[in-house]
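New to this structure? Take a look at it first, and then we can walk through it together.

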Amino acid sequence: MCGFFGLLNLKGNISQNDIREIKKGTECIRYRGPDDHNEYYDNNFIVSFNRLSILDVKAPSQPLVSEDKNFILVCNGEIYNYQELKNELKKKYSFKTNLDTEVLIPGYQEWGEELWKKLNGMFSIVLWDKKNKKLSMVRDHVGIKPLHYFVYQNKLYFSSDYNSFFYQSSQKMKLHNDSILSYLSFRYVIGKKTFLENVYDVLPGEKITASNRGIKKEIYWDANLENKIDKGENFFIKSLDFEIESAVKRQLISDVPVGAFVSGGLDSSLILFHMSKHLKNISAYATG
């Protein structure tokens, strides 16, 4: 799962009080990543990271730092096609671990903003370009992994968990009543608003950049809803089955035991069925 909390001062320096608050805000979400911890900070930027180890469990924790020390990155989630991306990149870049996230900085150096479209996974990514003083916040295509932020004067705070924001002193956190009404009506909060006033979500498939020039938002991916040729029910049943099995197989990559959380309904039963084609003696769990 992993968790991070960080701060960018757009026009000033990070203070010792900022560092203390970020550390406390990350400690309070240690449940998201109990296996390891690390942090990075410079004059304008700080980020603290809690790791849940899935791949290459002995590798050092994020934040990841480029060889030239210019790019700093944190990622909560998994990149399922990292091996394919690594095969493309290893002719030019060296890799020291088997972490899926290690492809992200070389991928950005090689492909720039096109990298986000190449990723297959669930992720919330924050990338700091120290030289150009530009921060990028990127969320996966359909918004599986959370990424929240708020801006107060020149400071931009970001986190993978609401609880972190209660540990900063720039602005007192208050519940957002409209969001509570939205949740009670629809079982989720509509749009970019969250349960906290002035705290927003990076939307699914969205990239937000922040620099001295301001904050810019861009949708880098959206679902293609164009009409397709009707090839018949049997074709689409087989295609759907293939896509589900391919996705399940792709997401079984792990250096720790893999289990299944089942409800007894159609969705989780179907996933467990496809898992059983590739794994034996699967540990399955349900709650009641």
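What follows is a short tour of a sheet, some helices, a set of aromatic rings and a few single residues. One thing to keep in mind from the start: this is a predicted model.

**The sheet**

Let's begin with the strands. Six of them make up an open sheet, and if you read across it the order is β2-β3-β1-β9-β8-β10, with antiparallel pairing. The two edges are taken by β2 (36-41) and β10 (200-201); each of these has a single partner strand, so one side of each is left without a neighbour in the sheet. As background, strands of a sheet pair through backbone hydrogen bonds, either parallel or antiparallel.

Now zoom in on the β2 edge. Strand β3 covers residues 45-51, and it pairs with β2 in the antiparallel sense over 6 bridges. If you'd like one bridge to find by eye, try E39, whose partner in β3 is S48. Helix α1 (residues 16-27) packs on the sheet, where it touches β1 (3-9), β2, β3 and β9 (155-159). The direction of α1 makes about 160 degrees with that of β1. And how many residues does the hairpin use to join β2 to β3? The hairpin gets from β2 to β3 through 3 residues.

**Aromatic rings**

There's plenty to see among the rings, as the count comes to 15 aromatic pairs. One of them is F5 with Y157, a stacked pair with 6.3 Å centre to centre and 20 degrees between the planes. F5 sits in strand β1 and Y157 in strand β9, so this pair ties together parts that are 152 residues apart in sequence. Another is F45 with W128: their ring centres are 5.2 Å apart and their planes are at 20 degrees, so this pair is stacked too. F45 belongs to strand β3 and W128 to strand β6, so here the parts being tied together are 83 residues apart in sequence.

Are these four rings buried or exposed? Here's the list:

| Residue | Relative accessibility | Status |
|---|---|---|
| F5 | 0% | buried |
| Y157 | 1% | buried |
| F45 | 1% | buried |
| W128 | 1% | buried |

F45 and W128 also turn up in a wider group, since one aromatic cluster is formed by F4, Y40, F45, W128 and F158.

**Helices α2 and α3**

Next, have a look at two more helices. In α2 (82-89), the buried residues are Y82, L85, K86 and L89. Looking down the axis of α2, you'd find them within an arc of 100 degrees, so they line one face of the helix. The elements covering them include β5, α3 and α4.

Helix α3 spans residues 104-111, and L104, I105, P106, G107 and Y108 are buried in it. What do the buried residues of α3 pack against? Their partners are β4 (64-65), β5 (71-79), α2, α4 (115-118), β6 (121-129) and β7 (134-139). Just past the end of α3 comes G112, which has a positive phi of about 65 degrees.

**Cysteines**

Which brings us to the sulfurs. How many disulfides does the count come to? The answer is 0 disulfides. Take C28: its closest cysteine sulfur is in C2, 16 Å away, and that's too far for a bond when the cut-off is 2.5 Å. C75 also has C2 as the place of its closest cysteine sulfur, at 8.0 Å, and this is too far for a bond as well. As for their surroundings, C28 counts as partly exposed at 21% relative accessibility, while C75 counts as buried at 1%.

**A buried arginine**

Last stop: R32, which you'll find in the loop between α1 and β2. R32 is buried, with a relative accessible area of 9%. Leaving out residues up to four places away in sequence, R32 touches M1, C2, G3, L52, N76, P146, S160 and D161. You've met one of those contacts already: C2 is where the closest cysteine sulfur to C28 lies.

Notes:
Residues are numbered from 1 along each chain as its sequence is written. This is a predicted model: local features need pLDDT of at least 70, side-chain atom pairs count only at pLDDT 80 or more; totals for chains, interfaces and linings use all residues. Side-chain values use heavy atoms; hydrogens and water are left out. Two strands pair if DSSP finds at least two bridges between them. Helices (H or I, at least four residues) and strands (E, at least two) are DSSP runs, numbered from the N terminus. Contact means heavy atoms within 4.5 Å. Axes are lines fitted to C-alpha atoms, for helices over the stretch in contact, and angles run from 0 to 180 degrees between N-to-C directions. Buried means under 20% relative accessible area, exposed over 50%, partly exposed in between (1.4 Å probe, protein chains only). The arc is that of the directions from the helix axis to the C-beta atoms. Rings of Phe, Tyr and Trp (its six-membered ring) pair if their centres lie within 6.5 Å; planes under 30 degrees apart count as stacked, over 60 as edge-to-face and the rest as tilted.
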